[in-house]
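Subject: Structure handover

Hello,

Here is the structure I said I would pass on. My notes on it follow below.

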Amino acid sequence: MENYDLIVVGGGFSGIASAISASRQGIKVLLVEKFNSLGGAATNSLVNPFMPNFTYINNKKVDFSSGIFKEIIKKLKERNALLWDNHFLEEELKYILNEMMLENNVDLLFHAYLTRVNRENDEIKAITLATIDGEITLSAKYYIDATGDGQLSFLSGCDYILGRESDKLTQPMTLCFRVGNVDTDKFYKTLDKVQREYEKAQKTGEITNPRENILVFSTPIKNVLHFNTTRVVKHNPTNAYKKTKAEIIARKQVHEMYDFLKKHADGMENSFLVSTAQEIGVRESRKIIGEYILTERDLLSCTKFDDGVVACNYDLDVHNPEGSGTSHHYFKEGKYYTIPYRAFIPKGIRNMLISGRCISSSQGAQASFRIMPAVTSIGEATGTAIGIIVNDSLDDVRNVDINKLQKILKESYLKNS
Ligand SMILES: Cc1cc2nc3c(=O)[nH]c(=O)nc-3n(C[C@H](O)[C@H](O)[C@H](O)COP(=O)(O)OP(=O)(O)OC[C@H]3O[C@@H](n4cnc5c(N)ncnc54)[C@H](O)[C@@H]3O)c2cc1C
């Protein structure tokens, strides 16, 4: 068995960036993933496209995406798998990410589901994974929880925030789906009319989906449309039974919507339902309590933290946890906030960091930084931090040299600008 310096659990955008950046610091890294490919929500839940994370300062475009995110964009472009700079082909993405792991000497373990953690006081000693070989137990000096759901932290006994403060409701879950062989020109010409029909159908009960409108995107594949439009509310994504129920409700919504489109939308005459995601998309679940809890107020006041290691300015995009409606707060030109390193440090543990959409934050804050470009930056920051910690022989994630971390991240950013 390898002696790993770091085990990253979860192969979404955050986990892959953690693993690559840590390995680039020369440490031995294993990335564990429950499915057979990398990309997380982008591939498991068919989430597309990349949301924007840039602004203009003194008329100059400033893109906050980290170095590794830009490397992925470049590779997607090289493989002709990116349209309009942000719509991507997930099958190409899966391949690109595998190859990046190999190029960066990251070991991979697929089909491995984290089920148990052995924690003693402030230290994680080992983790147990359910695999084709039965249960296996692995240990490393450090761990990163990039499971999106904060699964590693939860199994380690960490406290977490679920949903909004008032009633613990999380943002809705969405099962994305694709429709093929659509005459897209015809479809878009009459989409406004179809949106009005949709509102009527909600009133008559033909449509049970509470979402306010049909959310549809073009894709890099001719005549294929991407629908991010189902909405399951008031179902706790961290409860196995509720998540199962959510999958069933969402699938019903997919078919209801497809039947509705066939009936009311132009260009759908010869279409067919091509695919649904293999897992319902979870926008928000556990947010692990860390040394600092990033709040909506921090974002609205564009706070720049001394230990800020990620910059972001995406909309505070809250899909109503109860039903219809989506609230927004768009940042004015030139405005952005940073995320402090302390939001990655789970309370009470010395050898683990949290990465991605489950970092220490309130619902409103997470509604902004959860986008793929920003969670990749978080991953690059957590992985680089563990690299520094191991190389500097530190024994607590709290002791990382922040200046050194910021310098390495900046170098990676500039190298890829
Ligand atoms: C419906 C929906 C629409 C969205 N729309 C957009 C959009 O248009 N643009 C955008 O930029 N962002 C969008 N987002 C947000 C974005 O996709 C996610 O927040 C982001 O991808 C999360 O990345 P992550 O790496 O933190 O977690 P994830 O992508 O969730 O990755 C976590 C990984 O951990 C693995 N894992 C989980 N538990 C275990 C376990 N116990 N053992 C082993 N492995 C495990 C999972 O299989 C997964 O691969 C959307 C999200 C959803 C759900």
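A residue is taken as near a molecule if its C-beta atom, placed from the backbone, lies within 6 Å of it. Please keep in mind that this is a predicted model.

Ligand and domains

There are 39 residues around the ligand, and the ones that come nearest are Gly12, Gly40, Gly148, Gly281 and Gly356. Several elements give two or more residues to this shell: the helices α1 (13–24), α2 (41–44) and α11 (372–391), and the strands β8 (113–120) and β18 (281–282). By class, the shell has 18 nonpolar, 15 polar and six charged residues.

The domain assignment splits the chain into domain 1 (4–164 + 284–415) and domain 2 (173–282). The contact between the two takes 22 residues from domain 1 and 19 residues from domain 2. On the domain 1 side, the residues that touch domain 2 divide into nine nonpolar, nine polar and four charged. Between the C-alpha centres of domain 1 and domain 2 the distance is 29 Å. Where does the ligand lie with respect to domain 1 and domain 2? Both domains give residues to the shell around the ligand, so the ligand lies between them.

The four-stranded sheet

One open sheet has four strands in the order β15-β16-β14-β17, and the pairing is antiparallel. The edges are taken by β15 (216–218) and β17 (272–276); each has a single partner strand, so one side of each is left without a neighbour in the sheet. From one strand to the next the twist averages 30°.

At one of these edges, β15 is joined to β16 (residues 225–227) by three bridges, with the two strands antiparallel. In this pair, Phe217 stands opposite His226 of β16. Helix α8 (residues 240–264) lies across β14 (177–180), β16 and β17, and runs at about 160° to β17.

A second strand pair

Strand β20 (residues 308–312) is mostly covered, with four of its five residues buried. Its pairing with strand β23 (residues 337–340) is antiparallel and extends over four bridges. Within this pair, Val310 stands opposite Ile339 of β23. As a general point for reading both strand pairs, side chains in a regular strand alternate between the two faces of the sheet.

Backbone details

Three places in the loops may be worth a look.

- Asn48 and Pro49 are joined by a cis peptide bond, with omega at about -5°. Pro49 sits in the loop between α2 and β3 (54–57).
- Lys234 is not a glycine, yet its phi is positive, at about 60°. Lys234 belongs to the loop between β16 and α8.
- Cys302, also a residue other than glycine, has a positive phi near 50°. Cys302 is found in the loop between α9 (296–300) and β20.

Are Lys234 and Cys302 buried or exposed? A residue counts as buried with 20 or more other C-beta atoms within 10 Å of its own, as exposed with 12 or fewer, and as partly exposed in between. Lys234 has 15 C-beta neighbours inside 10 Å, so Lys234 counts as partly exposed. Cys302 has 14 other C-beta atoms within 10 Å and is therefore partly exposed as well.

Regards

Conventions
Residues numbered from 1 in each chain as written. Predicted model: local features only at pLDDT ≥ 70, side-chain atom pairs only at ≥ 80, totals over all residues. Pairing = 2+ DSSP bridges. Axes fitted to C-alpha atoms, helices over the stretch in contact; angles between N-to-C directions. Contact = placed C-beta atoms within 7 Å. Nonpolar A, V, L, I, M, F, W, Y, C, P; charged D, E, K, R; others polar. Domains from an automatic or database assignment.
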